[in-house]
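Here's a quick walk through this protein, from the overall picture down to a few individual residues. Keep the structure open as you read.

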Amino acid sequence: MRRSGILIKQYMCRGLFQRGIWLFSSCPEMELETMTVKVTIQDFVADVVSELFFRNTQQVSKEIMFIFPVDSDTVVHTFYATMGDTRIEAMLWEKEEAQHLCKATSGMENLRYLQDQWDLWGPVFACYLGTLPPKREVAISLCYVQELPMHPDGAALFCWPHELFPRRNYLSCISSEEGMFENLHFSICLKSAHGVSHVAINSSYTPLQYMAPDQTSAEVSLKLPPWMQDDLNLLVYYRGSHTLSAVVERRDPKAPPGSLLGDPVVMVTLTPNIPEVVPNSGQLGEFLFLMDRSLFLDAQNTLLFLLKSLPLGCYFNIYSFGATFKAFYPQSVEYTQESMDNAVGCLSSICPDLGGCDLLGLLKSIYSTPLLHGNLRQLFIFIQRKISSEEEAVMAEVYRYRDHHRCFCFPTNRCDSFNLSQAMALETKGECVCIHSRMDMASEAVNCLRRALQPMASGISLHWDLPPGLEVSMIRKPPEMIFQGHQSSIYAQIHGQAQDVELGEGAVSLQYHVGSQSFNYTLRFSLVPSADDRLPVHRMAMMHLLWKLAWEGRSGAEKDIQHSAVKSSISLGVPSPFTSSVAVLMKQRDAWHHDSLPPDSSTLFSSSCNLVPCQLLWLRGFRPVWFKSTKFWIVQKCQFCLEMLDRKAPDSEALTQLSTSCKEREPSSEEQVMEEPVASNISWDWKISPLSTRLCDFSSLRVVVALQKANGSWAFTAALASALGLSNADVDGQRPTEPTAWATVLALVWLHQYKWKVPWSELLEAKACRWLRDQAEVQLDECLEAANSLLGCFVEPTVFRI
């Protein structure tokens, strides 16, 4: 969950893209004394106006700096700080002019030091506030808008950090009559055409008060901050379906018609209803595995497990990257027995590469390739090396195509690009998992593949029905896909003049596919929105428009359009690729209104004001501290206790004998691929203990997995019998059905009882079950009874998932 926080030095291990106000001081005694926050939430967009008062409680002056991490769903449009009779105000200038101003600004070395030395990573807004005298306070005003994520139960989720609430040592400020903080003023206004049902807040709050008879508007206020270390989590529940919601914002009357500000803008939030189980799933997606060659020797087994777990009919490819990148196939190929065998055979042909890391070139090559037959694209990125100076360019590419793919990232525990991996996953609504061991890598990768195979919406399209005279121009188009449990917001500009002013409604229809099923939803919305002079939807739309113009380049024909857009960007305070931040320190009497356009840059060199170090920076700090996988931590603790007690696992001797018998014979070509590689240059956080090696001896598992066919079946071979700990004669002597079905049941039962050591064999089992269910002549009950008898176990018929 993205969230914000006010941090001092002891709180520096926070993740990328966390929203919040971070006030850094050389001393932690910067007390938040009073706060006034007003939040307006319309469906899934929030407009936040906040004013925070901090006091230097020390006896000496302190230098302070304001740092605010930004992300792609947040637009910070107003910031100023007031100390005594001086005011520091941040604003946007055209980029080249801003760079010229920054060169004339003293103290920029403070920001450069922050960029290279601070323990934070990612894009931030940073402003040096100067020196705060003892017992004096600074008032910080921050205004921003943001798209709100949807909670799994369908509510809009708004977060506010506990660090931005007054501390509990101010309990003396509580009014005994009202039971409220006198220094806490936190009000929330809720609006929705669907109607506001109720709210859930992890804090004491006033009863929900409806402001309209149809319950489309309501207000609520906090009585007390959340307790101790809890962040404020506000869940807003709306009435009716959440599949479609629309917020229409009226034009700015001061802007010329036809411009973005001069026309109404509509924000449509798409939350497709995706069934949990989809029969006849149809297109299964395109899976691309990107492997850092410095990590490749440690990841061959992981890649093999991933290859074997893919479903028939999907598309896949494997890329290795180092100083250069190389693909197994010129373009993704359909997953068949032949293509899988070829890919498995190529795994051992890749040599480690300890040179550069051209992830940017690889991503550009992938993104420039069109989707195959409309299949959904998902990237699995295994990385160990640092991307260095290309981080911003990598994130720009990922952000550009974030609606067209999803990234699952697996940085190692020593990876210098951990935060970049986390950001890539976050922007594409994927996942980032830190890898601590070879076992951890295979387990986490297969678990992510299982989630990637869940149903998703594709073929998404919107159709508009507006009164005659009105038309829609898309600013941000619908994504290629929306994954289960996720949402997407699109923005559109409404042009023209309605021929019949009495027709005050429009409609939008959402169409999409989940597998072979088609869905269609229609929402009617009002074209006569309530007045909102703060224009939160226009600000979000402007941000997407500016990024769109930046991607499309700066051709001569677009110069006038870009010039107009930059003017709007400056007037709304929306950061863009064409503008940069500048801050000015001035006397209060000389301050201009923060909603007006900034003065000409020549006036900034007058004696009445001074330039202040203020920029949007890309910090290159250290990765945050992450705990190891809880599961493997517990396993290691249990194994350590067993070793201290000198106990041996019940089947450890059998596993050792099985491993020895497998090694005594000549391995097949498929089995050679599965041999445990020698570690190249990676250093894991912890070593696997001797008992752990016996408990998790994967030699037999590697053989069984390597022998599984693309369709999920196993052939009846001596290699399979040996891996299962059986003789060829025993297997053939008790065979109740044809060889392939019998071998598949045996392997499936063996995998299932092996699950207590390897819980991530679920996809392999599912493939086997699907194949068996298609074999009408096979008597599964009889086969299961024979398999249990031969393997000496008891697996219930539910293993076949019938």
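## The whole chain

The protein chain has an accessible surface of about 34000 Å², and carbon and sulfur atoms account for 52% of it. Bear in mind that this is a predicted model. The chain runs to 802 residues, and 56% of them are buried.

In secondary structure, you'll find 20 helices and 32 strands. If you take the contacts in the chain with a separation of 6 or more, 77% of them link residues 24 or more positions apart.

## Two nonpolar cores

The largest nonpolar core has 80 residues, and the members touching the most others are Leu310, Phe380, Phe382, Phe410, Val704 and Trp714. The most generous contributor to this core is helix H18 (residues 739-753), which puts in ten residues. There's also a second core, separate from that one, with 54 residues, among them Leu32, Ala46, Ile64 and Leu129.

Val704 is a good one to click on. Skip its neighbours within four places in sequence, and valine 704 is still in contact with Trp714, Leu720, Ala723, Leu724, Ala747, Trp750 and Leu751.

## A threonine in H18

Threonine 744 also sits in helix H18. Is threonine 744 buried or exposed? Its relative accessible area is 0%, so threonine 744 is buried.

What surrounds it? Beyond the residues within four places in sequence, threonine 744 is in contact with Gly712, Ser713, Trp714, Ala768, Trp771 and Leu772. Trp714 is worth a second look, as it turns up in the list for valine 704 too.

## H6 against H7

Now for a pair of helices: H6 (residues 391-400) and H7 (residues 418-427) pack with their axes 10 Å apart, at an angle of about 15°. Angles under 35 degrees count as roughly parallel, so that's the label for H6 and H7. The crossing of H6 past H7 is right-handed.

On the H6 side, the contact is made by Glu391, Val394, Met395, Val398 and Tyr399. H7 answers with Leu420, Ala423, Met424 and Glu427.

## A buried arginine

Arginine 539 belongs to helix H9 (residues 536-552). Its relative accessibility is 8%, and the cut-off for buried is under 20%, so arginine 539 counts as buried.

Which residues does arginine 539 touch, not counting those up to four places away in sequence? The list is Val75, His77, Val145, Arg534, Leu572, Gly573 and Val574. Take valine 145 from that set: arginine 539 is 394 residues from it in sequence, yet their C-alpha atoms are 7.7 Å apart in space.

Methods
Residues numbered from 1 in each chain as written. Predicted model: local features only at pLDDT ≥ 70, side-chain atom pairs only at ≥ 80, totals over all residues. Heavy atoms only, no water. Core = buried A, V, L, I, M, F, W, Y, C linked by side-chain atoms within 4.5 Å. Buried < 20%, exposed > 50% of the residue type's maximum accessible area, 1.4 Å probe, protein only. Helix = DSSP H or I, 4+ residues; strand = E, 2+ residues; numbered from the N terminus. Contact = heavy atoms within 4.5 Å. Areas by Shrake-Rupley, 256 points an atom, 1.4 Å probe, with all protein chains shown as cover. Axes fitted to C-alpha atoms, helices over the stretch in contact; angles between N-to-C directions. Parallel < 35°, antiparallel > 145°, perpendicular 65-115°, else oblique. Left-handed = near helix turned anticlockwise from the far one by under 90°.
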